[in-house]
Amino acid sequence: MELSIEAVGKYTQAQRGMMNQSFCGICLNISGLIYSEVYTGDGKLYSLYDEGGVEMPPSLSLSLSGIRHRFEYNSNRENWILFLRQPCPFYYNAEQDSHFLRSPVCDFPIRSRILLEKDEIPALRRLFQEIRHKTQSGLPQELAEAELLTCDLLRRFLKPEGASATHPAAIRFRERIDSDPDCRRSLDELAAETGYSRDHIRQLFVAEFGIPPGEYRIRQRLARIIRLISGTDLSMKEIAAEVGISHTSYLNQLIRKYYHTTPLELCRKLRRLSS
């Protein structure tokens, strides 16, 4: 993964405005954000936060060049932005409505936002401060260390396990999804066991883990496919059977859609690396 840091900024002034972003980066929002309206490059509303002046909960988020952001911060503002040079190590795929992390082997789906607990904030604030200090030093070793720390920040976006889990129903729903790796049961069936409707449990799940349950299930299945490709000599037909896919054509479709390569080429790359 190519990654180069341009700068790290801290912002504390109350502000209201609209910005056409020309940078990509990692944002640490600690306090003060009371309104946020984000549009993709093609004008599609991507996210909206408007709770009548109530501050958005603390979060880590990815920011991309080309988006349009209308925002308002009050006087309690504290947010940090880690600016990255192009090419950006992550990108947004409008067709799949998802973010991806670039990788030499294949691109991995990632979350765009992680909600934070209050006790996580001091360590993350220190981490942004440290990255800023090392970036400003100009010393090659400290620049390399800053890039490694940034890679660790990006790693948090890879797995739902990085997010705190506090809503019991969302946790139970995720556990039921995880306990059905072959996808033998529908999400409606699994949702019913939580005592909530599918729409309600979906909202709780997204708020808790930052990803829709259907997309989470697909990613878990893809992670298992990758493990089987890299760790076994099974054929694609056998792998499909292992993960509960009846037709290899659907498996091929998933690999092409999410990893932008053919199943054969993905096998070659992963098995060459593991040999």
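**Close-up views of a predicted model**

**View 1. His-69, tucked into the model.** With a relative accessibility of 12%, His-69 counts as buried, because that value is under the 20% cut-off. This is a predicted model, and His-69 is found in its strand E6. Look for the side chain of Ser-36: the His-69 side chain makes a polar contact with it, at 2.9 Å. Leaving aside residues up to four places away in sequence, His-69 touches Gly-17, Met-18, Met-19, Gln-21, Ser-36, Glu-37 and Val-38. So Ser-36 shows up twice for His-69, once as a polar partner and once in the list of residues touched.

**View 2. Helix H5 and its two sides.** Helix H5 takes in residues 198-209, 12 residues in total. How far apart should its ends be, at 1.5 Å a residue? The expected span is 16 Å, and the end C-alpha atoms are indeed 16 Å apart, so the two agree. Its buried residues are Ile-201, Leu-204, Phe-205, Glu-208 and Phe-209. They cover an arc of only 105° around the axis, which means that they sit on the same side of H5. As a rule, an α-helix has 3.6 residues a turn, so residues three or four places apart point the same way. Asp-199 and Gln-203, on the other side of H5, are exposed.

**View 3. What H5 packs against.** Which helices do the buried residues of H5 pack against? There are three to find here: helix H3 (168-178), helix H4 (187-192) and helix H6 (213-231). Glu-208 is one of the buried residues of H5, as are Phe-205 and Phe-209.

**View 4. Cysteines without a bridge.** The model has zero disulfides. Cys-151 is in none, and the nearest cysteine sulfur, that of Cys-88, is 12 Å away. Is Cys-151 buried or exposed? Neither, quite: its relative accessible area is 28%, so Cys-151 is partly exposed. Cys-183 also counts as partly exposed, at 22% relative accessibility.

**View 5. How far to trust the picture.** The protein chain averages a pLDDT of 88, and 94% of the residues score at least 70. Confidence is highest in strand E6 (residues 68-84), at a mean of 96, and lowest in strand E9 (residues 108-110), at 78. Over residues 160-165 the pLDDT is below 50, although this stretch has 16 contacts in the model beyond near neighbours in sequence. Where pLDDT is low, the predicted coordinates should not be read in detail.

Notes: Residues numbered from 1 in each chain as written. Predicted model: local features only at pLDDT ≥ 70, side-chain atom pairs only at ≥ 80, totals over all residues. Heavy atoms only, no water. Disulfide = S-S within 2.5 Å. Buried < 20%, exposed > 50% of the residue type's maximum accessible area, 1.4 Å probe, protein only. Helix = DSSP H or I, 4+ residues; strand = E, 2+ residues; numbered from the N terminus. Expected span 1.5 Å × (residues − 1). Arc of directions from axis to C-beta. Contact = heavy atoms within 4.5 Å. pLDDT = per-residue confidence, 0-100. Polar contact = N/O pair within 3.5 Å; in protein donor to acceptor, adjacent residues only side chain to side chain.
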